[in-house]
Amino acid sequence: MAGAQDPEDLYRGLRRETPTERLDRNWVELLQELRVVQTGVQLLTGFLLTLPFQSRFEELDRYQESVYVVVLLLAVTAVVLFIAPVGYHRALFQQRSKARLVRAGSAFAKAGLATVGLVVSGGVSLVVDVIGGRVAGWIAGGGVAALVLLCWYALPRRALASAVREREDAQDSAPARSGTSRETP
């Protein structure tokens, strides 16, 4: 997208905070987001870890077992990704590297969300496959994957693009209201 800006630039001038305060705020907001998803992902992973010990698990066919293993490994990966910012924080503690920490934490959170989307859609696919058959499982899993893509990627990207566009429109119209022009030196 041409002219895309850092979303943080949208707040420049609106908040009276130093760059360090902004990094601190970003870190706290990221930690809050991670708290929201961490517990759920850890519970889901714990549940998945207990499934092989259930009596009906032996009834799964080879395909269902394979899907289960992939979903389990993705769930464990999501747990690792969501906890990774803690390791980064420990490694960078008191090293004046908050910007690096915030960037890495954000990247881990994004990767974790993508992985959780795969876990949820794969888990639904597996359950519906067991209950209603292979095709029903594929349809249900694909539907959940589409919903995850819509809610976690497409709509947020659309909202960001709209916010950037509104800001650019406001900046473009500001000189006209003040009686000056951008072209006038």
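User: Is T45 buried or exposed, and what is its relative accessible area?

Analyst: A residue counts as buried when its relative accessible area is under 20%. T45 has a relative accessible area of 6%, so T45 is buried. Please keep in mind that this is a predicted model.

User: Where does T45 lie, and which backbone oxygen does its side chain reach?

Analyst: T45 belongs to helix 1. From there, its side chain reaches the backbone oxygen of A75, at a distance of 3.4 Å.

User: How many helices and strands does the protein have?

Analyst: There are four helices and zero strands. Read from the N terminus, the order of the elements is α-α-α-α. As for burial across the protein, 26% of its 185 residues count as buried.

User: Which residues does UniProt list under "transmembrane region"?

Analyst: Such an annotation comes from a record and may be inferred rather than shown by experiment. The unreviewed UniProt entry lists residues 67–88, 108–131 and 137–155 under that name. The model can then be examined over these spans. Residues 67–88 are 100% helix and 0% strand, with the end C-alpha atoms 32 Å apart. Residues 108–131 are also 100% helix and 0% strand, and there the end C-alpha atoms are separated by 34 Å.

User: How should one read salt bridges, and how many does the structure hold?

Analyst: Side chains of opposite charge can pair when their charged atoms come close. This structure holds five salt bridges. One of them joins the side chains of D61 and R134, with 2.7 Å from N to O. D61 is in the loop between helix 1 and helix 2, while R134 is in helix 4 (residues 134–178), so this pair ties together parts that are 73 residues apart in sequence.

User: What are the relative accessibilities of D61 and R134?

Analyst: A value between the limits for buried and exposed, 20% and 50%, counts as partly exposed. D61 has 32% relative accessibility and is therefore partly exposed. R134, with a relative accessible area of 28%, is partly exposed as well.

User: Which residues are joined with D61 into one network of salt bridges?

Analyst: A further salt bridge brings together the side chains of D129 and R134, at 2.6 Å from N to O. D129 is buried, because its relative accessible area is 5%. Through shared partners, the salt bridges join D61, D129 and R134 into one network.

User: How far apart in sequence are E65 and R62, and in which helix do they lie?

Analyst: Both E65 and R62 are in helix 2, three residues apart, which is about one turn of the helix. They form a salt bridge whose closest N and O atoms are 3.5 Å apart. E65 has a relative accessible area of 25% and is partly exposed, whereas R62 counts as exposed at 66% relative accessibility.

User: How many aromatic pairs does a search of the whole structure find?

Analyst: Two features describe such a pair, namely the distance between ring centres and the angle between ring planes; planes over 60 degrees apart count as edge-to-face. The search of the whole structure finds one aromatic pair. Its members are F57 and Y68, whose ring centres are 5.1 Å apart and whose planes lie at 75°, an edge-to-face arrangement. F57 is in the loop between helix 1 (19–50) and helix 2 (62–92), and Y68 is in helix 2, so that the pair links distant parts of the chain, 11 residues apart. F57 and Y68 are both buried.

User: Which residues make the nonpolar surface patch?

Analyst: The patch is made by L44, F47 and V120, and has an area of about 240 Å². Of these residues, F47 is found in helix 1.

User: How far apart in sequence and in space are V41 and V116?

Analyst: Separation along the chain and separation in space are two readings to set side by side. V41 and V116 are 75 residues apart in sequence and 7.5 Å apart in space, C-alpha to C-alpha. V41 is placed in helix 1 and counts as buried, at 9% relative accessibility.

User: Is V135 buried or exposed, and how far in space is it from S125?

Analyst: V135, which lies in helix 4, has a relative accessible area of 52% and is therefore exposed. V135 and S125 are 9.3 Å apart in space, C-alpha to C-alpha, and 10 residues apart in sequence.

Key. Residues numbered from 1 in each chain as written. Predicted model: local features only at pLDDT ≥ 70, side-chain atom pairs only at ≥ 80, totals over all residues. Heavy atoms only, no water. Helix = DSSP H or I, 4+ residues; strand = E, 2+ residues; numbered from the N terminus. Phe/Tyr/Trp six-rings, centres within 6.5 Å; stacked < 30°, edge-to-face > 60°. Buried < 20%, exposed > 50% of the residue type's maximum accessible area, 1.4 Å probe, protein only. Patch = residues over 30% accessible without salt bridge, like charges linked within 9 Å, V, L, I, M, F, W, Y side chains within 5 Å. Areas by Shrake-Rupley, 256 points an atom, 1.4 Å probe, with all protein chains shown as cover. Salt bridge = Lys/Arg side-chain N within 4 Å of Asp/Glu carboxyl O. Polar contact = N/O pair within 3.5 Å; in protein donor to acceptor, adjacent residues only side chain to side chain.
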